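User: Please take a close look at a single helix in this model. I would like one connected account of it.

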Amino acid sequence: MNIFHRPQPPKWSASLCGCGGDIGTCCITCCLPCVTFGQIAEMVDQGQSTCVQQGCIYCVLMLFSCQCLLSCVYREKLRAKFGLPAEPCHDCCVHFCCESCALCQEHAELKARGFDPSRGWKGPATAPPSMPPTMKR
């Protein structure tokens with residue numbers, strides 16, 4: 001047993017150029033990046049903001065071609081939440097150079113960690129399912 005063995009730092013579950021392995025998310029992101037961004041932002045904010053709110057803000061920023069400034073902030077928040085490295089470069093560089101790929105990677109990361117961004121914030125991924133009020137004792 002090696003007493004000097006250090007645990008490996010967390011890594012991204014999907015590559016940046018892999019479209020997250022989900023062709024549906026890839027197509028939506030290429031055509032309507034505001035939708036994918038809104039879903040990611042709602043998850044990262046833990047429901048404090050909605051997909052619609054964040055998607056609309058993203059659309060307004062798209063009019064001025066500066067949406068990557070907002071999306072790179074959320075990439076940084078996502079990385080901090082899960083202890084992920086800034087790979088392959090700084091968050092803003094990733095979003096500036098390939099916005100769609102970055103959004104797909106972030107979406108895939110949330111799914112790999114037990115969240116479903118397309119369904120919106122429902123609580124922590126490890127939370128037991130809630131029972132409808134009519135089923136409680």
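Analyst: This is a predicted model, and the part to look at is helix α6. The helix has 14 residues. From first C-alpha to last, α6 reaches 20 Å, close to the 20 Å expected at 1.5 Å a residue.

Next, its surroundings. Of the 14 residues of α6, 11 are buried, so the helix is largely enclosed by the rest of the structure. Buried here means under 20% relative accessible area. The buried residues are Glu99, Cys101, Ala102, Leu103, Cys104, Gln105, Glu106, His107, Ala108, Glu109 and Leu110. They pack against α1 (23–31), α2 (33–44), α3 (51–63), α4 and α5 (91–97).

Now take one of those partners, α4. Helix α4 spans residues 67–82, and α6 spans residues 99–112. Their axes come within 11 Å and cross at roughly 30°. Angles under 35 degrees count as roughly parallel, so α4 is roughly parallel to α6. The crossing of the two helices is left-handed.

Which residues make the contact between α4 and α6? From α4 come Gln67, Cys68, Ser71, Arg75, Leu78 and Phe82. From α6 come Glu99, Ala102, Leu103, Gln105, Glu106 and Leu110. By type, the residues of this contact divide into 6 nonpolar, 3 polar and 3 charged. Among the α6 residues in the contact, Glu99 and Glu106 are also on the buried list.

Last, the far end. Gly114 follows α6, and its phi is positive, near 95°.

Key. Residues numbered from 1 in each chain as written. Predicted model: local features only at pLDDT ≥ 70, side-chain atom pairs only at ≥ 80, totals over all residues. Heavy atoms only, no water. Axes fitted to C-alpha atoms, helices over the stretch in contact; angles between N-to-C directions. Helix = DSSP H or I, 4+ residues; strand = E, 2+ residues; numbered from the N terminus. Parallel < 35°, antiparallel > 145°, perpendicular 65-115°, else oblique. Left-handed = near helix turned anticlockwise from the far one by under 90°. Contact = heavy atoms within 4.5 Å. Nonpolar A, V, L, I, M, F, W, Y, C, P; charged D, E, K, R; others polar. Expected span 1.5 Å × (residues − 1). Buried < 20%, exposed > 50% of the residue type's maximum accessible area, 1.4 Å probe, protein only.
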